[in-house]
Structures are given as structure tokens and as C-alpha cells.
Amino acid sequence: MGNVKNSESSSEKHLWGSRRTRKITWIFRQSLLFWLSSIAVIFLIYFAYFGIKMHFHEGTVSSLNNVRKEFYVKNVTEQPKKPHRQRYFPCEVSFLDSVTYMIEPEDNIKFARFSLGFVEKDEITLLNEGNEARFGGHQSLKDREKSYNATNQTIHCGFVKFPNETSSSTGFDLNEKDKEYMNKCKIVVSSCIFGSSDFLRRPTSKVISEYSKKNICFVMFVDEQSLAKLSSEGNALDERGNIGLWKIVVVKNLPYNDNRKTGKVPKFLSHRLFPSSRYSIWLDSKLRLNADPMKIIEYFLWRKGSEYAISNHYIRHCVWDEILQNKRLNKYNHSALDEQFYFYQSDGLTKYDSSDPKIPLPSFVPEGSFIVRAHTPMSNLFSCLWFNEVDRFTSRDQLSFAYTYLKLKRLNPDKRFHLNMFKDCERRAITKLFRHRTDT
């Protein structure tokens, strides 16, 4: 009896344990299924949410890009894109090895010959009440038109005295001792600094021959302000009044309030400042001369059969583009630029067309910082005419170069002006460019 009870009790325990195991297994399976389902649901929600967001984001970015693109295109049409600053390099200039055996050519008969005189005093009859003294004088439009004829004549060319003026000053006044020195110069290299606009750039002495150092005048025109600035920087004058090769000539009573316009006097009127000189080289004060002046004259004038040499602009060739650039950079009053530009258009100035086989120049815009010239009648006339345009209009001489040259050419078909417009890379080979002073 006891054994039977023990057997039943053991069977019940075994049955209970088996049921319990099955129940636990079922609960585990249900829990596992629940968690797997939950993970799947979470994954689906995550995928659905971020998938839609990614799609929306892509659409938004695409839309924004389209808007930006539209704005950029529109903005480009309204405002020119600032060009990427390019680097420009020098090119080879085949100078002679030495100046020792250099021979100046005989007077070239192809250069036009005529007598050119200069107005010294304005006529009272041409002046109205209230007119003031002007360095360039008061040239009428009628006289201006006549002055373009390459014939025996007397023209305005700076240094004009005012009627009944007791003083001998015309502006751009020089010391008598300096005038005496300048009157003896036969070949000149000149530059200027007015208003402390630049540092003094000394020519590279080691590349300049002893002949050139002895026979060529190197003249730097400065005002009193610039001289004081140079002295404060340790540039002391020696006993000859020189700083290195530069003979320092102080200018008093500057003729213009605009220092840039004052700088056009020595730039264009070297034949007036150095009346005995036969050749001159002009370089802006931002340049350092890195070649012998005699080699420069031989290469750009004698070898080319030219009486005037200037480089073309390294980017722009059309006056229309130059006007726009001057306005974009606010180089001058816009109304004054327009007045000059419209005047030139009305008098026949056209756009530069490189495809025209009869185009007389490789560019209508010069670089302008470096000029080599023989002091022939035609070269002197052109220099006076170009200066008069600067005196009448703006100091931006690149705007008036082509107009002056083309008008002179048009009115004198039988008297050619032998101008050599050379590549700007050649200018870069013989000068070093610096930035203007910024602390003035």
C-alpha cells in the first residue's frame, strides 16, 4: 500500500515538472516572439521615418541648389564676376651684349620734319572774365583741332603763363641750378614721386654700363613732402644732390591738386623739361629699371626704326573695357569719365577689333608705365597732344591714348608716326613691378 502511494506521488511530481517545463518554454517563446516583433516594428518605423526624411532632404537640397544656381546666374548678369588674378611673366628681350660698339643710326629721313613751337602765354582775347591761370592754358576747341596737324605751328603744351601775370611761375617750378643741369642732358631716364605715393626704386646699378652712368641723366622729380618722407627713411642726398643714380629734382608750386595729373608733366613733356635731349625713357615710380638704357633705346627704337615705343596692356585692348574697369574700381569720377568717353565717340573713336586686318595697333589700351622715345617733331607733337587730353579731361591717360594716336594718324595720312607698341612681357623683362605705397 505504501509503495503504491509513493509511486503515485512520484508520477504526479514528474507530471507537474513536465507541465512546468512546457509552460516556461511557451512563455520564453512568446517573449522571444514579442521582442522579435517589436524589433521588426521598430526597424520598419526607423526605416520609414529616415527614408522619408532622406528623400525630403535630397529634394530640399536639390531645390536649394536650384535656387542658388538661379541667384548666381542672375547675380552674374547684374554684377560682373571678379576675374581670377592671373600671373604674367616676362619674355626674352634680345639686347646687344655690350654698349661699347653701339652705333646710333643716322637721322632717319622717314621721320616727318616740321617746326613745333609752344604757347608761352594765353591770349587775353580768348579768356572770359573769371578765368584762372592754368598750367595747360585755355585752349579753344578750334585751336585743339588745328593742333593735330603735323605742320609748322605753335601749340599748347603746358608751362603756359596767364596774361598780365607779373610772376614768371607757370607751376611745376624748378630750381635754376637744376634747370641748368637738365638743359645739358642729351639722354634722360626720368620718373617722379608726388604726395609720397611711392618708395624710391633705385635702378639696378650692376646691369648699367659705365658709359650710361657717365652720359645719361637719371632724374627723379619729387615734391617737398616726398623728399621729407624719403629723408626720414634714410635716403640722404649726397654732395651732388643724388640718391644712388637718381638726381633728385624738387618741384615746387605743383600745377594740379591731383598728384596723378601732376605726374603727367614729366611723363609726357620730357622734351620741354630737357630741351637739349634727343632721347628719353620714362618709368613710373612703381617700377625699378633692370636694364641698360642704351640697350633699351637700341632695341625698341633704333632696331625697330621707331620714334616712340610703349607696351600694350596685358589684359585689356579696348577703350570700352578700360572705361568699365575704371568705373568698377572707382578710379575717377564717373561723370567725368562719361564726358570724356562720349566726346571721343562723337569724334570717331570705335571699338578695338582684333579681327580687322587693317587695325593700326595691336591694342588700343597701353600699359603706360614705361615709355621710350626719340625727341623727333612727330614724337613731340604726339606727347603734347596726349598731355592736352589729360589736361582737358581726366588723368586716366590710358583712355586718351588711342583717340590721340588715331586722330593724329587720320589727319596726317602722308606723315606717318612711327610708333612701336611692343608686348608687355618685354616690359616685365626689363623692369620690376612693385605696389604703390599704402601708408600715405
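When I say that two residues touch, I mean a contact, that is, heavy atoms within 4.5 Å of each other. With that in hand, and bearing in mind that what we are looking at is a predicted model, let me start with Trp 386. Not counting residues up to four places away in sequence, Trp 386 touches Phe 268, Tyr 308, Ile 310, Pro 366, Ile 371, Asp 397, Ser 400, Phe 401 and Thr 404.

Trp 386 also belongs to the largest nonpolar core, which has 61 residues, and within that core the members that touch the most others are Phe 172, Phe 221, Trp 386, Phe 401 and Leu 419. Helix H12, which runs over residues 377–392, supplies the largest share of this core, namely 8 residues. There is also a second, separate core, made of 37 residues, and among its members are Ile 208, Ile 248, Ala 291 and Ile 430. As general background, nonpolar side chains in soluble globular proteins tend to be buried together.

Let me turn now to the charged side chains, where the count comes to 18 salt bridges. In general, side chains of opposite charge can pair when their charged atoms come close.

One of these salt bridges brings us back to helix H12, for the side chains of Arg 134 and Asp 391 meet at 2.8 Å, taken from N to O. Arg 134 sits in the loop between strand E1 (116–118) and helix H2 (141–146), while Asp 391 is in helix H12, so this pair ties together parts that are 257 residues apart in sequence. The two partners are not equally covered, because Arg 134 is partly exposed, at 34% relative accessible area, whereas Asp 391 is buried, at 9%.

A further salt bridge joins the side chains of Asp 238 and Arg 240, with 3.3 Å from N to O, and here Asp 238 is partly exposed, its relative accessible area being 27%.

The last pair I would like to show is Glu 367 with Arg 427, a salt bridge in which the closest N and O atoms are 3.6 Å apart. Glu 367 belongs to strand E10 (residues 366–374) and Arg 427 to helix H14 (residues 424–430), so the pair ties together parts that are 60 residues apart in sequence. Are these two partners buried or exposed? Since buried means under 20% relative accessible area, Glu 367 counts as buried at 10%, and Arg 427 is likewise buried at 2%. Nor does this pair stand alone, as salt bridges with shared partners join Glu 367, Asp 424, Arg 427 and Arg 428 into one network.

Terms used
Residues numbered from 1 in each chain as written. Predicted model: local features only at pLDDT ≥ 70, side-chain atom pairs only at ≥ 80, totals over all residues. Heavy atoms only, no water. Core = buried A, V, L, I, M, F, W, Y, C linked by side-chain atoms within 4.5 Å. Buried < 20%, exposed > 50% of the residue type's maximum accessible area, 1.4 Å probe, protein only. Helix = DSSP H or I, 4+ residues; strand = E, 2+ residues; numbered from the N terminus. Salt bridge = Lys/Arg side-chain N within 4 Å of Asp/Glu carboxyl O.
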